[in-house]
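Hi,

Here is the structure I promised to pass on. Have a look at it first, and then read my notes below.

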Amino acid sequence: MTTAQAIEVLLVEDDPGDELITREAFEDNKIQNNLHVVRDGLEALDFVYRRGAYADAPRPDLILLDLNLPKYDGRQVLEKIKGDPELRAIPVVVLTTSSAEEDILRSYDLFANAYVTKPVDLERFLAVIRQIDEFFVTVVRLPGRLQTPGNMPGA
C-alpha cells in the first residue's frame, strides 16, 4: 500500500478571495500539501523556471492555473509550460470562472490535464478544491514522485 506524501502545488491566481478559499480547502485536508501562490502569469513562469525571487522555488508537482491573469494570461502560461520538455509532465489543472466552450477547447488544445470551472457557491468551491487535492495526492502517480528501483522502500 502506498503512503500519500505532501506535494508541491503552485496556485496561479490573482483573485485574493479565490486564493483564500483555496488555502482553506488545502488546510482542511488530511495531508498538508505545500501551497505556493503567484498572482500573475509572469510570476508563474518565473516560479517554474526558478528565476529572480523564485530561484530557490521547488518544482511543482501540480499547477492550478487561472486563465484570466495580468501580464501573461493563463493560456500563454499553459502554452509555455506544455511546450517545454522539462516542464510538460507537470499536471496543470485550469481552474477558472470561464465556462466558455472556446476556453475549454483551447485549454485542452494546449494540453491542460483538466479544466474546472470555479463554482460560485463557497461550499461547492471548497469541495471542488478538496477533490482536486485528494485526487492528485492519493490517486494519481505524479511524474516527480515516481519510484525507481533505487529509491523504492526495501531497496
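Going along the sequence, you get β-α-β-α-β-α-β-α-β-α, which makes up the five helices and five strands of the chain. Keep in mind that this is a predicted model, so everything below is computed from predicted coordinates.

The sheet is the place to start. Its five strands run in the order β2-β1-β3-β4-β5, with parallel pairing, and the sheet is open. The edges are taken by β2 (34-38) and β5 (114-117); each has a single partner strand, so one side of each has no neighbour in the sheet. On average, neighbouring strands are turned by 20° against each other, if you ignore direction. As a reminder, strands of a sheet pair through backbone hydrogen bonds, in either the parallel or the antiparallel sense.

If you want one pair to zoom in on, take β1 (residues 8-12) and β3 (residues 62-65), which pair in the parallel sense over four bridges. Within that pair, L10 sits opposite I63 in β3.

Strand β1 also holds E8. Is E8 buried or exposed? With a relative accessible area of 16%, E8 is buried, since the cut-off for buried is under 20%. The side chain of E8 has a polar partner, though: a contact with the side chain of N34 at 2.9 Å.

On the helix side, have a look at α5 (residues 122-139). This helix lies across β3, β4 (92-96) and β5, and runs at about 180° to β4.

The other acidic residue I'd point you to is D103, in helix α4 (residues 101-109). D103 has a relative accessibility of 11% and therefore counts as buried. Which side chains make polar contacts with the side chain of D103? One is R75, at 3.0 Å, and another is S98, at 2.5 Å. Setting aside neighbours within four places in sequence, D103 is in contact with L67, R75, S98 and Y115.

Two loop residues caught my eye for their backbone. Most residues other than glycine have a negative phi. R50, however, has a positive phi, near 55°, and K71 has a positive phi too, near 70°. R50 is in the loop between α2 (41-48) and β3, while K71 is in the loop between β3 and α3 (74-82). As for accessibility, R50 counts as partly exposed because its value is 40%, whereas K71, at 63%, counts as exposed. The cut-off behind that last call is over 50%.

Finally, some totals for the chain. Of its 155 residues, 44% count as buried. The accessible surface comes to about 8600 Å², and carbon and sulfur atoms account for 51% of that. Among contacts with a separation of 6 or more, 66% are between residues 24 or more positions apart.

If you only have a few minutes, I'd open the model at D103 and follow its side chain to R75 and S98, then go to E8 and N34, and end with the backbone at R50 and K71.

Cheers

Note on methods: Residues are numbered from 1 along each chain as its sequence is written. This is a predicted model: local features need pLDDT of at least 70, side-chain atom pairs count only at pLDDT 80 or more; totals for chains, interfaces and linings use all residues. Side-chain values use heavy atoms; hydrogens and water are left out. Helices (H or I, at least four residues) and strands (E, at least two) are DSSP runs, numbered from the N terminus. Buried means under 20% relative accessible area, exposed over 50%, partly exposed in between (1.4 Å probe, protein chains only). A polar contact is a pair of N or O atoms within 3.5 Å; within protein, one must be able to donate a hydrogen and the other to accept it, and residues adjacent in sequence count only if both atoms are side-chain atoms. Contact means heavy atoms within 4.5 Å. Two strands pair if DSSP finds at least two bridges between them. Axes are lines fitted to C-alpha atoms, for helices over the stretch in contact, and angles run from 0 to 180 degrees between N-to-C directions. Accessible areas come from the Shrake-Rupley method with a 1.4 Å probe; for residues, only the protein chains shown count as cover.
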